[in-house]
Amino acid sequence: MVTEINPDALAIAKELDEERARGKLRGPLHGLPILIKNNIATKDRMNNTAGSWSLRGAKVPRDSTVAAKLRKAGAIVLGKSNLSQWANNRSINSSNGWSAYGGQTYGAYYPNQDPSGSSSGSAVASSLGLAFGSLGTETDGSILSPSELNNIVGIKPTVGLTSRSLVIPFSEHQDSVGPMARTVKDAAYILQAIAGPDQYDNYTSAIPWASNSTKYSVPDYVAACQFDALRGKRIGVPSNAIGTRTPSSANLYDAFEAALIVLKNAGAIIVENTNYTAYDAYLTSRARSIVLGADFGPNLAAYLAQLTYNPNNVTNLADITKFTQTFSLEDYPNRDTVAFDVMLTLNFTNTSPEFWAAYQEDLYLGGPGGILGALDTYNLDAVVLPTSYSPSISAIIGAPVITVPMGAHLANTTVEKSTRGLVESAPNIPFGLSFAGRKWSEKLLVGLGYAFEQRTMIREKVKPYLTPSVEIEDVLGAKVQRKDMQDEVRA
């Protein structure tokens with residue numbers, strides 16, 4: 001689940017401890033270890049590969065902006081977490097959590113569990129407590145889905161709230177970097193550190209609280225964590241986007257109905273059947289795939305052009321595809337390149353009329369015909385739905401969602417496996433509850449998620465089938481003990 005550990009982590013930790021001893025405190029993250037997904041660049045001795053051997057050894061001109069902000073806040077960038085290769089954008093016959101560079105990540109709640117993706121390693125590592133929290137990226141479900149299946153909190157921010165500069169892209173119109181952590185408040189601390197405008201990502205210029213000013217204050221996402229945050233809030237239930245109860249999904253629906261009762265008891269006004277009017281059209285639309293396919297090629301080429309050292313001289317999608325098909329460790333053709341192949345056949349890019357028409361269709365299906373229409377029509381603060389149904393409508397318009405643990409599958413759940421043997425359904429595999437809202441409504445959503453979390457504490461009730469048993473002293477052994485003895489002598 002972790003592709004590499006920062007070789008400078010201990011030295012950085014020592015420096016931060018010395019700063020604290022001198023009375024300098026950078027903030028709540030000072031000295032805390034955070035893992036970042038292996039598509040978020042750092043200018044240090046770690047690689048940034050998106051799971052591909054083609055980018056091993058490549059160098060970037062600077063830290064990605066989100067990594068730089070974590071360092072400024074005093075966090076230790078502990079290492080890189082594994083992902084579904086190219087953010088689930090290479091194969092149609094691969095598996096969640098697998099990359100050629102990082103191997104297969106498994107969830108911790110059932111043997112051989114599908115961890116979901118693409119921020120698989122970030123989710124599993126956060127759930128097991130291998131770091132305070134982690135960063136993931138989402139295009140459509142890549143933070144929310146692995147967060148729910150690994151019993152943690154995930155925040156997928158508004159596109160533009162967090163910089164994507166020097167993050168290996170999928171789609172500039174849908175990509176977002178967000179926190180993944182064991183509690184809402186922990187995730188809020190991380191979001192607090194990474195949110196804000198960036199000269200290298202023009203989408204961040206749309207942030208309303210930072211526009212027309214060189215001085216700005218990030219909304220206090222941590223202060224939003226209030227027990228009474230649900231009181232008086234109008235929360236919609238978009239029934240037609242939730243599907244229907246089946247024998248295999250009854251456990252999920254029962255948990256969702258119980259969650260609605262919790263929300264009511266917390267003072268929320270639950271508005272039923274706040275349906276998305278264009279949902280049927282959304283289900284048959286090809287606009288999303290057109291937007292993502294047209295974005296990826298030029299967005300990827302723009303990232304590759306920034307590399308200061310490119311050992312395999314890959315400069316575009318065609319180069320990446322050729323490398324993947326000819327380098328043995330990429331496991332081709334056992335895992336295909338169909339996603340790449342399809343995008344290479346497009347005869348237009350994201351500056352073409354065909355793209356613009358598809359993007360406008362997305363904005364309607366997710367906007368007036370989707371979540372924004374429901375919020376306006378019923379005067380809602382947010383909508384609530386099981387996390388498995390929450391990502392896509394918000395994704396196509398770049399709107400935010402938070403997922404919080406809601407429960408887990410019961411002991412009588414039938415075990416179901418994917419074609420590659422990962423367990424997709426089984427007893428004890430977790431699921432989540434999502435709150436979704438308008439763009440830039442993260443502070444509200446954090447509060448709603450926190451108020452639900454504090455009344456249920458589901459994470460404490462759903463336990464992984466395995467937990468880490470190795471502590472740092474077990475790894476470093478006598479070296480740490482000798483240092484402790486030396487410190488005692490000096491004292």
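A residue counts as buried here when its relative accessible area is under 20%. With that cut-off in hand, welcome to a short tour of this predicted model. In helix H6 (residues 184–194), 8 of the 11 residues are buried, so this helix is largely enclosed by the rest of the structure. Below you will find the surroundings of that helix, the nonpolar cores, the salt bridges and the cavities.

**Helix H6 and its surroundings**

- The buried residues of H6 are Val184, Asp186, Ala187, Ala188, Ile190, Leu191, Ala193 and Ile194.
- Just after H6 comes glycine 196, which takes a positive phi of about 130°.
- H6 is also a packing partner for another helix: the buried residues of H2 pack against strand E2 (33–37), E6, E8 and H6.
- In helix H2 (residues 65–72), those buried residues are Thr65, Val66, Ala67, Lys69 and Leu70.
- H2, too, is followed by a glycine with a positive phi: glycine 74 sits just after the helix, at about 95°.
- Serine 64 belongs to the loop between E2 and H2, and because its relative accessibility is 0%, this serine counts as buried.
- Setting aside neighbours within four places in sequence, serine 64 is in contact with Ile40, Ala41, Ser165, Leu166 and Val167.

**Nonpolar cores**

- The largest nonpolar core holds 81 residues, of which Leu70, Leu135, Leu263, Val384, Met406, Phe435 and Phe452 touch the most other members.
- Helix H7 (residues 250–265) gives the largest share of this core, with 8 residues.
- Apart from this core lies another one, of 23 residues, which includes Leu166, Ile168, Leu300 and Phe323.
- Which residues does phenylalanine 435 touch, not counting those up to four places away in sequence? The list runs Leu230, Leu263, Val383, Val384, Pro400, Val401, Ile402, Leu445, Leu448, Gly449 and Phe452.
- Leu70, one of the buried residues of H2, is also among the core members with the most contacts to other members.

**Salt bridges**

- The count of salt bridges comes to 13.
- Glutamate 18 and lysine 14 pair through their side chains, with N to O at 2.5 Å.
- Both of these partners lie in helix H1 (residues 9–21), where glutamate 18 and lysine 14 are 4 residues apart, about one turn of the helix.
- Glutamate 18 is partly exposed at a relative accessible area of 34%, and lysine 14 is partly exposed at 47%.
- Arginine 26 and glutamate 19 also meet in a salt bridge, at 2.6 Å from N to O.
- In this pair, arginine 26 is partly exposed, with a relative accessible area of 34%, whereas glutamate 19 is buried, at 10%.
- Arginine 288 forms a salt bridge with aspartate 140, and their closest N and O atoms are 2.6 Å apart.
- That pair links distant parts of the chain, 148 residues apart: arginine 288 is in helix H9 (residues 287–305), while aspartate 140 is in the loop between strand E6 (133–138) and helix H5 (144–149).
- Arginine 288 is partly exposed, with a relative accessible area of 30%, and aspartate 140 is buried, with 18%.
- A network of salt bridges links Asp44, Asp63 and Arg71.

**Cavities**

- How many cavities of 30 Å³ or more does a search of the whole structure find? There are 2.
- The largest cavity has a volume of about 60 Å³.
- Its lining is made up of Asn39, Ala87, Thr137, Glu138, Thr139, Arg164, Val167, Ile168, Phe170, Asp175, Ser176 and Val177.
- E6 and strand E8 (176–181) each supply at least two residues of the lining of the largest cavity.
- By type, the lining of the largest cavity divides into 5 nonpolar, 4 polar and 3 charged residues.
- Ile168, which lines the largest cavity, is also one of the members of the 23-residue core.
- About 40 Å³ of space lies in the second largest cavity.
- Around the second largest cavity are Ala241, Tyr276, Ile371, Leu385, Tyr389, Ser390, Ile393, Ser394 and Ala436.
- This second lining divides into 7 nonpolar and 2 polar residues, with no charged ones.

How values were computed: Residues are numbered from 1 along each chain as its sequence is written. This is a predicted model: local features need pLDDT of at least 70, side-chain atom pairs count only at pLDDT 80 or more; totals for chains, interfaces and linings use all residues. Side-chain values use heavy atoms; hydrogens and water are left out. A nonpolar core is a set of buried Ala, Val, Leu, Ile, Met, Phe, Trp, Tyr and Cys residues joined through side-chain atoms within 4.5 Å. Buried means under 20% relative accessible area, exposed over 50%, partly exposed in between (1.4 Å probe, protein chains only). Contact means heavy atoms within 4.5 Å. A salt bridge is a side-chain nitrogen of Lys or Arg within 4 Å of a carboxyl oxygen of Asp or Glu. On a 1 Å grid over the protein atoms alone, a cavity is a set of points where a 1.4 Å probe fits but cannot get out, and a pocket is an open set with protein on both sides within 12 Å along at least five of seven lines; lining residues have an atom within 4 Å of a point. Grid points are joined across faces, edges and corners, and a volume is the space filled by probe spheres set on the points. Ala, Val, Leu, Ile, Met, Phe, Trp, Tyr, Cys and Pro count as nonpolar, Asp, Glu, Lys and Arg as charged, and the others, Gly among them, as polar.
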